[in-house]
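User: Please go through the model shown here with me, one question at a time. I would like each answer to end on the value or name requested.

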Amino acid sequence: MRLNKIITILMAASFIVAAEPQQQLAQAKAAYAEGDYQTAAQIFQNLAIEGNADAQMELAKLYSLGHGVERDALQASYWLEQSASKSTDYAETAQAQQDIKQAITQQREKSKAAETTAASTMPAATVVVASSTQLENTPKSVTTAKPMVKEPVKPMSVATRIEQPSLPVKTLADARFEVGMRAFQRENYSEAYSHWYPLAVNNLVDAQFNLAAMYASGLGVDVDLLTAAHWFSAAAEQGFADAQYYLALSYAQGRGLAQDDSLAIYWYKQAAGQKHLLAEYNLGFMYANGRGVELDENQALFWFEKAANQGDVDGQYVVASRYLQGRGTEVNFGKAREWYQKANEQGHANAGFQLGLLYLNGSGVAQSDSRAFEYFSRAANQGIVEAQREVGISYSLGRGTRNSDNRAVEWLERACTANDLSACYYFAVHLSEGRGVRADPGRAMQLFTQSAKDGNKEAQYRLGLIYANGEGVAVNDQQAFSWLLKAAEQGLAAAQYLVGVRYANGTGTAADDKAAVKWYQRAADQGEAYAQYNLGYMYANGRGVAADQQKALYWYTKVAAEGDADAQFNLGLRYETGNGVEQNDKSAVEWYEKAAAQNHARAIAHLGFMYEKGYGVMMDERKAFQLYQQALPAKVPRALTALGLFYKNGRQVKADDSIAVDLFRQAAEQGYANAQYNLGWMYEYGRGVRKDLVKARDYYQLAAEQNEPLAQSQLNRLLNH
């Protein structure tokens with residue numbers, strides 16, 4: 001094994017023993033509190049590369065403050081941006097941003113100087129600029145200024161002078177590379193240096209690279225990034241791919257050299273031309289973020305895919321994500337699944353989580369809740385918080401696995417503790433309903449509020465209902481409206497419908513029919529049936545919009561076709577009366593029957609009328625009588641009056657004036673004109689009641705005011721008798 005490979009591994013990997021992410025975070029924070037910044041930095045770096053948002057935030061602060069790592073504004077800015085989309089601690093983010101602003105100012109001043117020696121130590125893991133998860137969450141640019149976009153020409157050599165040795169060295173005749181290697185393996189770094197230095201001066205490329213690595217890592221010599229860059233450059237110019245990669249990295253990060261993305265691109269390309277996996281990956285990163293070149297999603301995918309084809313797990317994950325999102329290519333769920341699968345087979349936990357989502361949504365694969373649950377479970381056990389949330393939801397809903405409220409609470413609480421506020425919402429649902437955990441309305445309310453304030457629309461909707469219904473709190477229509485409006489503005493159809501209702505009724509806000517129509521329309525466009533029905537009502541009655549019976553009919557028909565009984569009855573009534581449509585008794589009967597099949601009382605009553613009169617259907621008094629009886633508990637005026645006439649006239653039933661009077665009275669009290677007329681007639685002729693012309697006159701009067709023609713005739717006769 002060549003020694004430069006050994007040193008490369010030392011530079012690329014950390015020897016921290018793997019533990020649960022939360023345990024590692026606790027270890028890192030404890031080390032930091034004790035002043036052991038370097039250990040803290042190593043742990044945070046490992047977790048950050050794996051996509052842990054908390055670690056990314058902490059690492060950003062370390063780079064901004066120069067604790068355990070060289071103070072580096074670019075690195076600080078980079079890691080802060082990785083954590084920004086996940087972090088919920090806004091105060092901490094703001095403080096970190098202030099620290100970084102200060103560091104950026106110092107970095108700019110530092111970059112203006114000629115190549116000067118960078119101080120402090122190199123972090124343990126510097127060879128990977130960005131992991132797959134981080135890249136996909138990274139903004140278009142991670143630098144503070146737009147880099148040069150012109151393709152670079154071959155740069156001037158950094159190795160333009162012979163470095164003076166830092167330690168005693170052998171003569172060229174006595175120097176042996178293999179002897180230096182054995183010394184290095186025994187950690188006798190000064191002996192290794194003494195053999196390699198003269199060989200490096202005489203252009204032995206392995207010796208040049210190893211000297212660079214020793215200076216970069218502080219092995220046997222003080223860290224000297226400028227000297228490291230000198231030897232990397234010497235080896236790079238001899239075509240050594242690893243050296244070309246590290247020289248590019250030095251330019252990209254401004255380590256020992258003035259930061260220069262354009263030169264980084266040049267050397268990355270030299271190494272990538274030799275199929276250097278990390279150089280290919282980082283070229284993808286540079287094109288994806290417009291660093292040193294014009295931002296080019298196609299080129300980014302090209303280079304990421306090269307690294308992926310060589311088995312780079314992060315490259316595989318990134319390529320999968322780009323096929324999923326259509327970045328640099330058309331959306332291709334099949335290819336996304338293939339690359340996620342390859343990354344998952346190498347243990348990439350986030351790839352497993354993404355596979356779970358593909359199966360959950362049926363994207364590029366046959367939808368399967370059980371397969372989704374399998375992938376979520378593996379990723380959850382690997383510490384992916386989002387997967388832990390999905391496992392909890394699966395147990396809660398019985399999605400892909402048997403329902404278990406206890407297991408649901410276990411996973412949801414774990415994800416909630418890790419600041420996944422969507423998980424906190426579902427955990428709060430269990431707390432509020434006492435499912436799998438002792439009911440705790442207070443804690444549930446706290447979590448609902450926390451999630452709602454963070455923008456969770458389901459939590460906002462739930463809070464709106466809690467305040468509207470007074471569930472554990474005093475009814476507060478203003479608070480209810482406020483939370484429902486927030487959820488509505490995020491596109492939640494059920495919330496949009498309720499906001500429309502509240503504007504229409506002036507509940508918790510000023511009445512505003514135009515606003516009601518706007519929100520009904522938004523919910524209706526998403527298929528919310530109640531909103532569609534109410535929108536039809538607004539058009540039918542000219543509320544908030546100009547009356548438009550055709551649009552009213554459109555929405556009523558749409559809802560009715562989806563099975564809504566109210567809409568079906570409404571359509572039947574419109575066809576019966578010719579309101580907004582051409583009058584059609586047969587169509588009226590069809591819609592009444594659909595609604596009646598759902599026990600819609602008014603539809604049953606109106607259907608009875610159609611059978612009684614033979615409108616749109618064969619006349620059938622017996623059927624009509626049965627339908628009227630069926631509608632009787634709902635006290636529908638039309639059915640009450642018709643039944644009263646059956647009893648008055650002894651049709652289909654033994655005549656009984658007292659029952660007829662009672663039925664007429666129930667309908668008359670609801671303002672039904674025909675019932676008022678018939679009740680007046682019963683009083684005039686003393687049928688089922690004591691004869692009373694005054695009461696007869698009064699009931700005729702009520703019916704006549706509603707333009708009931710028989711009542712008007714009877715009233716004129718009584719008054720002029």
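The questions and answers below move from the whole chain to single helices and residues.

User: What kind of model is this, and which pLDDT do local features need?

Analyst: Residues are numbered from 1 along each chain as its sequence is written, and side-chain values use heavy atoms, with hydrogens and water left out. This is a predicted model in which totals for chains, interfaces and linings use all residues, side-chain atom pairs count only at pLDDT 80 or more, and local features need a pLDDT of at least 70.

User: How many helices and strands does the protein have?

Analyst: Helices (H or I, at least four residues) and strands (E, at least two) are DSSP runs, numbered from the N terminus. On that basis the protein has zero strands, and its helices number 38.

User: What percentage of the residues is buried?

Analyst: Buried means under 20% relative accessible area, exposed means over 50%, and partly exposed lies in between, with a 1.4 Å probe and protein chains only. The accessible surface, from the Shrake-Rupley method with a 1.4 Å probe and only the protein chains shown as cover for residues, comes to about 31,900 Å², and carbon and sulfur atoms hold 48% of it. Of the 721 residues in the protein, the buried share is 52%.

User: Among contacts between residues at least 6 apart in sequence, what percentage joins residues at least 24 apart?

Analyst: A contact means heavy atoms within 4.5 Å. Among contacts in the protein between residues at least 6 apart in sequence, the share joining residues at least 24 apart is 54%.

User: Which helix gives the most to the largest nonpolar core?

Analyst: A nonpolar core is a set of buried Ala, Val, Leu, Ile, Met, Phe, Trp, Tyr and Cys residues joined through side-chain atoms within 4.5 Å. The largest has 116 residues, and F232 and Y268 have the most contacts inside it. The most to this core, nine residues, comes from helix 11 (residues 225-237).

User: How many residues does the second, separate core have?

Analyst: Beside the largest core of 116 residues there is a second, separate one. Its members include F481, V501, L679 and L715, and its size is 82 residues.

User: Which arrangement do the rings of F609 and Y615 adopt?

Analyst: Rings of Phe, Tyr and Trp (its six-membered ring) pair if their centres lie within 6.5 Å; planes under 30 degrees apart count as stacked, over 60 as edge-to-face and the rest as tilted. The whole structure holds 34 aromatic pairs. F609 is buried at 19% relative accessible area, whereas Y615 is partly exposed at 35%. Their ring centres are 5.9 Å apart and their planes stand at 65°, so the pair is edge-to-face.

User: How far apart are the end C-alpha atoms of helix 4?

Analyst: The expected span of a helix is 1.5 Å times one less than its number of residues. For the 13 residues of helix 4 (residues 53-65) this gives 18 Å, which agrees with the distance in the model, 19 Å.

User: Which residue with a positive phi follows helix 4?

Analyst: Helix 4 is mostly covered, with 11 of its 13 residues buried; among them are M57, L59, L62 and Y63. The residue that follows helix 4 has a positive phi near 75° and is G66.

User: Which helices are included in what covers the buried residues of helix 36?

Analyst: In helix 36, 11 of the 13 residues are buried, including L679, W681 and Y683. Just after helix 36, G686 takes a positive phi of about 65°. The cover of the buried residues includes helix 34 (637-649), helix 35, helix 37 (693-704) and helix 38 (709-719).

User: How far apart in space are A668 and Y699?

Analyst: A668 is in helix 35 (residues 657-668) and counts as buried at 8% relative accessibility. Not counting residues up to four places away in sequence, A668 touches A675, Q676, L679 and Y699. A668 and Y699 are 31 residues apart in sequence, and their C-alpha to C-alpha distance is 8.5 Å.

User: With which residue does the side chain of E390 make a polar contact?

Analyst: E390 lies in helix 20 (residues 385-397) and counts as buried at 9% relative accessibility. A polar contact is a pair of N or O atoms within 3.5 Å; within protein, one must be able to donate a hydrogen and the other to accept it, and residues adjacent in sequence count only if both atoms are side-chain atoms. At 3.1 Å, the side-chain partner of E390 is R389.
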